[in-house]
Amino acid sequence: MKRNTDLSLHQNAMNSFSLHTNPADDAAKKPFKFDGKEHNLLEKQLAMIRTMAQLSSSGVTVYDMQNDIHIFTSNRFYKIYGYEIGELQTNINNEVYDSKIHPDDLEELKKNGFEAMKFIMKVPREARKQYKMVSEYRILTGPKKYIQVIEQQQILEQDALGNIWLSLGIIDISPDQTDIQGVKYQISNFHTGELIQLAETNVTQSLTDREKEVLQMISAGKLSKEIGWLLEISVHTVNTHRQRILEKLRVDNSIEAVNIAKRNGLI
């Protein structure tokens, strides 16, 4: 197997659709099975990825789930994390990168990756390459200074049994650094444009008491001005609560937020 031209990253037990996840899902732990053509397939994929990385301003990595190792990672990937990596530096554990992710965000990334893997493994094998997971999270770039990055993950290749073998990761600095609040993510089918709503986990715990109170009033049809008057807070504060509710529940509008809240007994 040809190694990364920049750096080989070894990871322990990283059988997941997310680079930051270690799910205990049986579907992700089947023995791998190959048909003898994997070497040529791997070389073909790496040739295309290297060319793409040279032409792109994004950070790029290819992860081999059979061997728990990054077999290609571009220099740009390291630079986004604030590292200057030479070609002779090898065998660096993924903890080097995880240590720069905000601790709260790392836990959220692990949870999301677990749910994403469960969803992907239920999709018909021939359709799995159509899906990608997009996450936004915070990484440390200086003393107590975080920036928001955007990471896209998608499947490159599967083995003969349908296990996810190679995955592609693309990372960029988010263009919006004005309101850095943590993890945002979604799974989409880039062939159809469909957005996937994963299982709603820990919804109750994710909202503060004030946010639940605001959401209850939204459900009752009250406007921001009325909510502000009743709670004795400014309209700006009400709108901030509304925005954070949408982000935490991963929805686009108040109607969807109210529906999720009702399904989970919040209101």
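I took a salt bridge to be a side-chain nitrogen of Lys or Arg within 4 Å of a carboxyl oxygen of Asp or Glu. With that settled, I searched the whole structure, which is a predicted model, and the search returned eight salt bridges.

**Entry: the chain as a whole**

Before going to single residues I looked up the overall make-up of the chain, and I noted nine helices and nine strands. Of the 267 residues in the chain, 47% are buried. I also looked up how contacts are spread along the sequence: taking the contacts with a separation of 6 or more, I found that 66% of them are between residues 24 or more positions apart.

**Entry: salt bridges in helix 4**

I began with lysine 110 and glutamate 107, whose side chains form a salt bridge at 3.9 Å, N to O. I wrote down that the two are about one helical turn apart, because they sit three residues from each other in helix 4, which covers residues 103–122. Lysine 110 has a relative accessible area of 34%, so I recorded this residue as partly exposed.

Further along I looked up glutamate 115 and lysine 118, which are joined by a salt bridge of 3.5 Å, again N to O. This pair, too, lies in helix 4 with a spacing of three residues, about one turn of the helix. I checked the accessibility of both partners: glutamate 115 is buried at 10%, whereas lysine 118 is partly exposed at 28%.

While in helix 4 I also looked at leucine 109, which has its place there and is buried, with a relative accessibility of 1%. I noted the C-alpha to C-alpha distance from leucine 109 to glutamate 136 as 9.2 Å, for a sequence separation of 27 residues.

**Entry: a salt bridge between helix 6 and helix 8**

Which side chain does glutamate 211 meet in a salt bridge? I found that the partner is lysine 248, at 3.0 Å, N to O. Glutamate 211 belongs to helix 6 (residues 209–219) and lysine 248 to helix 8 (residues 235–249), so this salt bridge ties together parts of the chain that are 37 residues apart in sequence. Glutamate 211 is buried, with a relative accessible area of 3%, while lysine 248 is partly exposed at 33%.

**Entry: how helix 6 and helix 8 pack**

I next looked up the geometry of the two helices, and I noted that the axes of helix 6 and helix 8 come within 10 Å and cross at roughly 100°. Since angles from 65 to 115 degrees count as roughly perpendicular, I recorded helix 6 and helix 8 as roughly perpendicular to each other.

From helix 6 the contact takes in Arg210, Glu211, Val214, Leu215 and Ile218, and these meet His241, Arg242, Arg244, Ile245, Lys248 and Leu249 in helix 8. Sorted by kind, the residues of this contact are five nonpolar, one polar and five charged.

**Entry: nonpolar cores**

I then looked up the largest nonpolar core, which has 17 residues, and I listed the ones with the most contacts inside it as Leu215, Ile227, Ile245, Leu249 and Ala257. At least two residues of this core come from each of helix 6, helix 7 (224–231), helix 8 and helix 9 (254–263). I followed isoleucine 227 further, and, with neighbours within four places in sequence left aside, I found contacts to Val214, Met217, Ile218, Lys222, Val238 and Arg242. Apart from this core I noted another, of 16 residues, which includes Ala116, Ile155, Ile164 and Ile196.

**Entry: two single residues**

Is isoleucine 187 buried or exposed? I found a relative accessible area of 1%, so isoleucine 187 is buried, and I placed this residue in strand 8, residues 184–189. The C-alpha atoms of isoleucine 187 and glutamine 152 are 9.6 Å apart, with their positions 35 residues apart along the chain.

Last, I looked up glutamate 232, which lies in the loop between helix 7 and helix 8. I noted that its phi is near 60°, a positive value in a residue other than glycine. Glutamate 232 is exposed, with 74% relative accessibility.

Technical notes: Residues are numbered from 1 along each chain as its sequence is written. This is a predicted model: local features need pLDDT of at least 70, side-chain atom pairs count only at pLDDT 80 or more; totals for chains, interfaces and linings use all residues. Side-chain values use heavy atoms; hydrogens and water are left out. Helices (H or I, at least four residues) and strands (E, at least two) are DSSP runs, numbered from the N terminus. Buried means under 20% relative accessible area, exposed over 50%, partly exposed in between (1.4 Å probe, protein chains only). Axes are lines fitted to C-alpha atoms, for helices over the stretch in contact, and angles run from 0 to 180 degrees between N-to-C directions. Angles under 35 degrees count as roughly parallel, over 145 as roughly antiparallel, 65 to 115 as roughly perpendicular and the rest as oblique. Contact means heavy atoms within 4.5 Å. Ala, Val, Leu, Ile, Met, Phe, Trp, Tyr, Cys and Pro count as nonpolar, Asp, Glu, Lys and Arg as charged, and the others, Gly among them, as polar. A nonpolar core is a set of buried Ala, Val, Leu, Ile, Met, Phe, Trp, Tyr and Cys residues joined through side-chain atoms within 4.5 Å.
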